[in-house]
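Biologist: Could you take me through this structure and show me how each label is earned? I'd like to see the reasoning behind the words.

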Amino acid sequence: MSSSQPEPWVSLKDIKKNFAEANPGLKQKEAVEEANRCLYCYDAPCITACPTGIDIPTFIKGIATDNLKGSARTIMESNPVGASCSRVCPTEELCEGACVLNDASSPIMIGDLQRYATDWAIKNEQQLFQREKHTSSSVAIIGGGPAGLSAARELARFGHEVTIFEAEEKAGGLNAHGIVSFRLPKDIVEWEVQQVKQLGVRIKTGVEVGKDIDAHLIMEMFDAVILAIGMANVPKLGIKGEELNGVYDAIDFVKETKTRPLTKHLAGKRVAVIGAGNTAIDAATCSVRLGAENVKIVYRRTQKEMTAYPFEFEFAKQDGVEFQWLSSPSEITAGKDGNVNGLKVKPMKLIQSMNDKRMAPVPIEGAEDTLDVDIVIRAIGQSRHSSLIEAFSIDHDNGVITVDPETLATSKENVYAIGDSIFGKGQGEAMVVSAAEQGKQAAVSVHKALTEKNVHLA
Amino acid sequence: MADLTTSLAGITSPNPFWLASAPPTNSGYQVQRAFEAGWGGAVWKTMGDPILNVSSRFASTTFNGQRVAGFNNIELITDRSLEANLREIEETKRKFPDRAIIGSIMVEPQQEKWHEIVKKVEAAGVDGLELNFGCPHGMAERGMGSASGQVPELVEKQTSWVKEAAQTPVIVKLTPNITDITFTAQAAVQGGADAVSMINTINSLAGVDLDTWNTIPNVAGKGAHGGYCGPAVKPIALNMVSESARHPEISVPISGMGGVSSWKEAVEFMLMGASNVQVCTAAMHHGFRIVEDMIDGLNNYLDEKQIYSVNQLIGQSVPKFSDWGELDLNYRVVARINNDACINCNKCHIACEDTSHQCIDMHKDDQGNDILQVREEDCVGCNLCSIVCPVDGAIDMVEAPRQTGDEPMTWNERQSLLSLMPAK
Ligand SMILES: Cc1cc2nc3c(=O)[nH]c(=O)nc-3n(C[C@H](O)[C@H](O)[C@H](O)COP(=O)(O)OP(=O)(O)OC[C@H]3O[C@@H](n4cnc5c(N)ncnc54)[C@H](O)[C@@H]3O)c2cc1C
Ligand SMILES: Cc1cc2nc3c(=O)[nH]c(=O)nc-3n(C[C@H](O)[C@H](O)[C@H](O)COP(=O)(O)O)c2cc1C
Ligand code: SF4
C-alpha cells in the first residue's frame, strides 16, 4: 500500500455495518439451554442484586417453557427499559455477580437471556401493558431518558395524565443518543418509548423547558412535576487550545453518530480521548468504527481508578484502543492550518488523597510529552443543568439536586427529581438501571401524594 | 480387565450388552455393524407374518432441554419377509460366530403356527428364541403381542407349544402393561420357558401438538397409543426385574431391559438379578458406538471393585429388596447441610417448607452470611432436600443415633406383637 494516508484497520466500505449491534445475541438453542441451566433459586440473590428487582428466575423459566410473552412481561414489569438494560447493564457487578453458580460452575447469562426475551417481544410487536384507570391528576416529566420514561409508564398505569417534555428530537435520553449504537441500537430504544406512548403518555419532543416553556408555568399547569433531566455536556478541560478545529465534546460526538448520517471525516486520523469513563470508551470505540487510524485513551490515573465498566474496557481493548495511563493533558497544539496537530501531556504519579477514596494524581515535575494527534475528544464527565435547576428554585449541591432518598421529593412541594440529575459524588452510580428504578420509586411517591390530595379534596 | 462373558440359559456372549429386538436389529447389515461396534448379542427384530407400518411412527419426550428422556413408538414387527431375515441371520452368524443371535418371533395363538416358525428360525442357526408377548399396539389388536402377554394362561400355553418344537433356549419377553408382572413370568416358567426378558414398552401417548391439537405422533391427523421406553422407564423396568428375581416361583434367568443407557444401568439391572441387559433407545439415540463406553465403563467399574467376572454381580442386591412391611420403623436419617459446599440457592428450604416438613430455616451466621440449617428434631428424613439440591455434597442424609427403646422393628413384627397382646 503506497497511499500516504494509512488505511484504517476497520473497513469503511459499509460504515453502517460498523455501527450495527456488536453482540449477535443468543440463538434459540443457546437461550433454551442456558435457561434450563438456571436453578430457579428460591429468594434468589440475583433479584436483590438487580436495582429494579426483576424476578429473574421467573423470566428465565418463561424462556425454558416457551412462554416468551410472560418472560418479556416479567422483565418489563419491573424495568420499563429492560430491553436497553439487557445490553448496557454491568451485569457482572449486578445480577450475574450474585448468581449462586459463580462458585459452582459459571453464572447464568442473565443479561443475554433478558435480551433474548425482550427481542422476542420487539420482533412480535407485543404491547405488554394496558392502561386500566383514568384519574383527573396530571403530571409533567421533564426529560424523556430512562428515568423519565420509567416514571411516565408507572404513572400512566396508575391512571394519571402524563406529559413528558423532551428537548431532543427523540425521546430516550442517553439511551437514544449517548450510548453508541453498536451497543444499543436505536430501534430498541424506540420500542421502549413506544411502549410508554401506547399507555397514553404524551411526549412533547423538541421542547426545552426553561427556554421554550417557563419552569413556573409547568409547576402551575401540573399537579406534580418530575425532573429527569440527566446531566449536561462535557465540561471544558481548562487548557490552552480547546477552541481549535478538531476538538470535540464526547457526548456531542457520539450523538452525531446516532442522529446524523455517518461520515468518513475521521478516516485515517489519530485520536486522543481524554478521560476513562464509559463516555470515553464509547467515544474511542466510535472513532475506531469511523475509521480512525489510531485511538488512544489518555487518563490522569490508572486502570484501577477508571470508572468504565470492566466489560467496556475489554470491548475497547478488542477494538484496538490504546490506553495511556498517568498522563494529564496540558495543551492542545495546532498546525499552520489551525487544525489540531498535537496534545501535550504531563506524566503523573498517584498519592494518597485525604478526601477521596481514589488515589490523587499529581504531576511529576519537569517532564512533558507531545502526542501527535489530529483529533482530541473531551470525555471527563458531564456538567449539570444548573440554570434549569435554579429556575425551579429547588435546593441543589453544585448542580446535584437534593432529594429525600425515600420519596425522591425535592425541597419544593410537588416537585421530584430522579436519574442522573440526582447522581452526585459518592451517591450511587449513574446507570440506566438505577435511573429506571428511581423512575418507578418517584411514580409511587407522586401517586401516593396525588391520591392523598384527592382524598382531602373529596 | 474383568471377564465380561455372560450366559443366559446357556446362550453365551462376550459381554452382557445385547441389542433388543427393535429397529436397530432390522437387518443383517445393521446387526453386523453393531457386532463390529462391539455388541455382545442381538435379538433380531420380531419376525412373523409381514405387516404394514404407518408413517410417522416415533416420538419422544424432551424434558428441560434433555431430548429423548423417553421414547414412544407405534411401529409393528418386521416389515421384511421371513426369508430375507433368515438368510441374513445365517450370514451374520457365520461372520460373527461368538456373538449371540436370538430370533424374536410372534404369530397368532395357534399351535401349528408356532411350531412352523420355530423350526424355520432355528434352521437359520439362531442361538435361541425370544417370544414377543409384549408389543402393546397393533399386533395386540390382532390377538398377538401384549394381548397374549396379558393373559397368564395364553402365555403358558403358547410357551409350551414353542417348547414342543424348540431345540434352542426359549426366552419369553413380557409386557409391563399388567398389574403384577410376576403372574405372567410364572406362567412362562410353567410353560417351560428357559428365561424371561422384560420389559417391553409401556402403553403411552407421547404428547399433543399445542397448535394443531393433533396427537404426537400422528398419522394423517389421527393417533393411537404406542409403547414407551428409554431412560424414563428404567425405574419401572428395574422394579419388575427385581420383583421377578426375588420371586421363589420364577426360577429362570432374566434378561433385563428398559432404559439401559450406560454401563451404570447395566450394573443396576444385574445387581437386581438380570443375567444380561438389552438396549434399544440408547442405540437409536446415539448409534451403535454407544456400546464402547458401556463395555469400557463396566470393565473399569469391575476392576475398581476387584470383581473378576461380571457374573458375580448377578442378584447381589436382591436380598436387600423386600416388602415395605419388612422395613425397620425405628431407623432414622436426618438431613445435614454442609454450609461450605452450599451455594445458597434455597431450593431445599422452599421444597421442605412448601411440600415436606417445614424444618429447613434460612438464617444469618455470625458474619452475616446467609446460611441454611436443618432442625433435625423435626426432620423426617424424606430425602427431598438432598434430591433437589443442585450441588453434590451440600446435603448429606446422616444416620440419627437410635434412642433407647428404638430397637429395630418392622411393621410386620409390630403387627404380630400386637396380635399376641391380650384383647382388652
Ligand atoms: C457515553 C455513555 C455511555 C454510557 N454507558 C452506560 C452503560 O453502558 N450502562 C449504563 O447503565 N449506563 C451508561 N451510561 C449512563 C446512562 O446513560 C445514564 O445513567 C442514564 O441515561 C441516565 O438516565 P436519565 O434519564 O437520568 O438521564 P438522560 O438519559 O440523560 O436523559 C435526560 C433527558 O432529559 C432531556 N432534557 C435535559 N434538559 C431538558 C430540558 N430543559 N427540557 C427538556 N428535556 C431536557 C435530555 O434531552 C435527555 O433526553 C452511559 C452514559 C454515557 C454518556
Ligand atoms: C421403535 C421400536 C420398535 C420396537 N419393536 C419391537 C419388536 O418388534 N419386538 C420386541 O420384542 N420389542 C420391540 N420393541 C421394544 C424394545 O425391544 C425394548 O423392549 C424396549 O424398547 C425397552 O428398551 P429400551 O428402554 O432400551 O428402549 C421396540 C421398541 C422400539 C422403540
Ligand atoms: S429430609 Fe425431608 S423433612 Fe427433612 S429437611 Fe429434608 S426435605 Fe425436610
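Modeller: Gladly, and please keep in mind that this is a predicted model. Let's begin in chain B, where the buried residues of α6(B) pack against α4 (146-149), α5 (152-165), β9 (170-173), β10 (195-198) and α7 (234-245).

Biologist: What makes helix α6 of chain B largely enclosed by the rest of the structure?

Modeller: Of its 10 residues, 181-190, 8 are buried, so the helix is largely enclosed. Among the buried ones are B:I181, B:T182, B:Q186 and B:V189. After α6(B) comes B:G192, with a positive phi near 105°.

Biologist: Now the cysteines. How many disulfides does the structure hold?

Modeller: Over all chains, 0. Take A:C85: the nearest cysteine sulfur belongs to A:C89 and is 3.8 Å away. A disulfide needs the two sulfur atoms within 2.5 Å, so a pair at 3.8 Å does not count. Seen from the other side, A:C89 is in no disulfide either, with the sulfur of A:C85 as its nearest.

Biologist: Why is A:C85 called buried?

Modeller: Its relative accessibility is 2%, and buried means under 20%, so the label fits. A:C89 has a relative accessible area of 13%, which is also under the 20% cut-off, so A:C89 is buried too.

Biologist: And what surrounds ligand 3?

Modeller: There are 14 residues around ligand 3, and the closest are B:C352, B:C359, B:C379, B:C382 and B:C385.

Biologist: How does that shell divide into nonpolar, polar and charged?

Modeller: It has 10 nonpolar residues, 4 polar and no charged. Cysteine counts as nonpolar, so those five names fall in the nonpolar group.

Note on methods
Residues numbered from 1 in each chain as written. Chains lettered and ligands numbered in written order. Predicted model: local features only at pLDDT ≥ 70, side-chain atom pairs only at ≥ 80, totals over all residues. Heavy atoms only, no water. Near = heavy atom within 4 Å. Buried < 20%, exposed > 50% of the residue type's maximum accessible area, 1.4 Å probe, protein only. Helix = DSSP H or I, 4+ residues; strand = E, 2+ residues; numbered from the N terminus. Contact = heavy atoms within 4.5 Å.
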